[in-house]
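Subject: Structure for your review

Dear colleague,

Please find below the structure that I am handing over to you. My notes on it follow, arranged by topic so that you can read them alongside the model.

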Amino acid sequence: MVTSAASAVPRLVVAAPSSGSGKTTVATGLMAALTGRGLAVSPHKVGPDYIDPGYHALATGRVGRNLDAYLCGPELVGPLFLHGARGCDIAVVEGVMGLYDGAAGEGELASTAQVAKLLGAPVVLVVDASAQSRSVAALVHGFVSWDPEVRVGGVILNKVGSDRHEVMLREALESVGVPVLGALRRAPQVGVPSRHLGLVPVAERQSAAVDAVAAMAAQVADGCDLEALVRLARGAGPLGATAWEPGEAPDGTGTRVAVAAGAAFTFSYAEHSELLTAAGAEVVPFDPLQDEELPEGTAGLVVGGGFPEVYASELSANEPLRKAVAELALSGAPVAAECAGLLYLCRELDGLPMCGVLDATARMSQRLTLGYRDAVAVSDSVLAGAGTRMRGHEFHRTVVEPGAGAAPAWGMRTPERRVEGFVERGVHASYLHTHWAAEPGVARRFVERCRTS
């Protein structure tokens, strides 16, 4: 599933010493500022994050895409990057956590540093300078020298308190030999509200999100040397990879697959719909908060991640759609439900009626479940045959009881051995988020089952 041309698309990675340093503000603002200057900007995010790419898409007018070396394997990082960057003048990649933080116990795997090396991309380090002056030099020196294969091409100082503070920081960094490419003052107006799983998604903020992205763009344009950043990106050489392709749709396409969207179901990877389309599906989005019927002719249903717990009352009140989903599942049609989708298929969520497809209940929890998982399919399903191994990611503050059905979906090899999820009739429901580009047969199998069920 690749094409045969290498690419030298200009690119840079926006990273930081730790979470909370301002990566999202800088990366999103840079994307928007460059787009405002007439450049076609390709937005990317390291890791399994679904929310930041929504802001990236708003900033650039292009689909935000993830680059995850754990979920997809290091060998797919370059091809997936080139797939997303087709036709673009420049690509901006937002990192995850701290520059060198990756999958627990796996060394550099899935870290921003690893992705930067796989892309041959220079790194711009965003440093929260709010509580330091001369010490910033020691901090930056440590990150620059830790891995000689990671090229830190510049620093952007964030949360600078005053002109005098900026002078002190710049003087300290002269000894490190890394150029300062920007200095941003504290600016509350660019803040994005958070809740139990991170930032509030774009789909839930609408005009407020547009205003926030515009403020980020203005701050970056005013405080950063955009020309120097573009020159740095253009210094990245040819990438020795070929662009990923989802494949070509077979003759007789048009099997209708409904995909949940709207404010309650915002988590999805762009490649999933592309793979479904390539497998012969007509992908039709619908909003469970608004639509009282599934799209006409629905042969299969995909309900991905999101925040049904925030919209439990509204989802429960849409009884006609809940019944339609239950009837579709009862008919044996393929249904793939992931995390939020799992909750929606339960009998109830926080005491409110849901679709009742699964004899299980869901509730909010104080405990955050977070991390990569190495999984194997326990039961034959519409997505995978028993024994299929996939890597995934869990990220939720809810609990489903029981945690697995008589035919579980996955057996978790890491971090602990347990079974999880439900396979019933044509339903595959699980907490596990997976990236289908790592196993394209998942989409093909699903669409084929839609045709024959």
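In which sense do strand β12 and β13 pair, and over how many bridges? Strand β12 (residues 300-303) pairs with β13 in the parallel sense, and 3 bridges connect them. Please keep in mind throughout that this is a predicted model.

**Strand β13 and its partners**

One of the links between β12 and β13 can be named by residue: L301 has V335 as its bridge partner in β13. Strand β13 is also joined to strand β21 (residues 427-430), by 4 bridges, and these two strands run parallel. Here V335 appears again, standing opposite V427 in β21.

Are the residues on the two faces of β13 buried or exposed? Strand β13 covers residues 335-338, and both of its faces are covered. V335 and A337 lie on one side, A336 and E338 lie on the other, and all of them are buried. Please note that E338 is among these buried residues.

**The sheet of 7 strands**

Strands of a sheet pair through backbone hydrogen bonds, in either a parallel or an antiparallel manner. In this model, 7 strands form an open sheet with parallel pairing, and their order is β3-β2-β4-β1-β5-β6-β7. At the edges are β3 (65-67) and β7 (180-185), each of which pairs on one side only. On average, neighbouring strands of this sheet are turned by 25° against each other, direction ignored.

Within this order, β1 is followed by β5. Strand β1 (residues 11-15) and strand β5 (residues 123-128) run parallel and are joined by 3 bridges. To find the pairing in the model, you may look for V13, whose bridge partner in β5 is V123.

**Two pairs of helices**

Two packed helices are described by the angle between their axes and the distance between the axes. Two such pairs deserve your attention.

In the first pair, helix α1 (residues 23-36) meets helix α8 (residues 207-223); their axes come within 7 Å and cross at roughly 85°. This makes α1 roughly perpendicular to α8. On the α1 side, the contact involves T24, T25, V26, T28, G29, L30, A32 and A33, which meet V213, M216, A217, Q219, V220 and A221 in α8. What kinds of residue make up the contact of α1 with α8? There are 9 nonpolar and 5 polar residues, and no charged ones.

In the second pair, the axes of helix α3 (residues 77-85) and helix α4 (residues 112-119) come within 9 Å, with a crossing angle of roughly 70°. Helices α3 and α4 are therefore roughly perpendicular to each other. V77, G78 and F81 of α3 make the contact with V115, L118 and L119 of α4. The residues of this contact comprise 5 nonpolar and 1 polar, with no charged residue.

**Salt bridges**

Side chains of opposite charge can pair when their charged atoms come close. How many salt bridges does the structure hold? There are 21, and I describe some of them here.

The side chains of D147 and K117 form a salt bridge, at 2.8 Å from N to O. This pair links distant parts of the chain, 30 residues apart: D147 is in the loop between α5 (135-146) and β6 (152-160), while K117 is in helix α4. D147 counts as buried because its relative accessibility is 14%, under the 20% limit for that class. K117, at 24% relative accessibility, counts as partly exposed.

R256 and E282 also meet through their side chains in a salt bridge, again with an N to O distance of 2.8 Å. R256 lies in strand β10 (residues 255-260) and E282 in strand β11 (residues 281-286), so the pair ties together parts that are 26 residues apart in sequence. R256 is partly exposed at 24% relative accessibility, and E282 is partly exposed with 33%.

A further salt bridge joins the side chains of D359 and R347, at 2.3 Å from N to O. D359 lies in the loop between β15 (352-353) and β16 (361-377) and R347 in the loop between α13 (340-345) and β14 (348-349), so this pair ties together parts that are 12 residues apart in sequence. D359 counts as exposed, at 60% relative accessibility, whereas R347 counts as partly exposed, at 40%.

Finally, salt bridges that share partners join E108, K117, D147 and E149 into one network.

Yours sincerely

Note on methods: Residues numbered from 1 in each chain as written. Predicted model: local features only at pLDDT ≥ 70, side-chain atom pairs only at ≥ 80, totals over all residues. Heavy atoms only, no water. Pairing = 2+ DSSP bridges. Axes fitted to C-alpha atoms, helices over the stretch in contact; angles between N-to-C directions. Parallel < 35°, antiparallel > 145°, perpendicular 65-115°, else oblique. Contact = heavy atoms within 4.5 Å. Nonpolar A, V, L, I, M, F, W, Y, C, P; charged D, E, K, R; others polar. Salt bridge = Lys/Arg side-chain N within 4 Å of Asp/Glu carboxyl O. Buried < 20%, exposed > 50% of the residue type's maximum accessible area, 1.4 Å probe, protein only.
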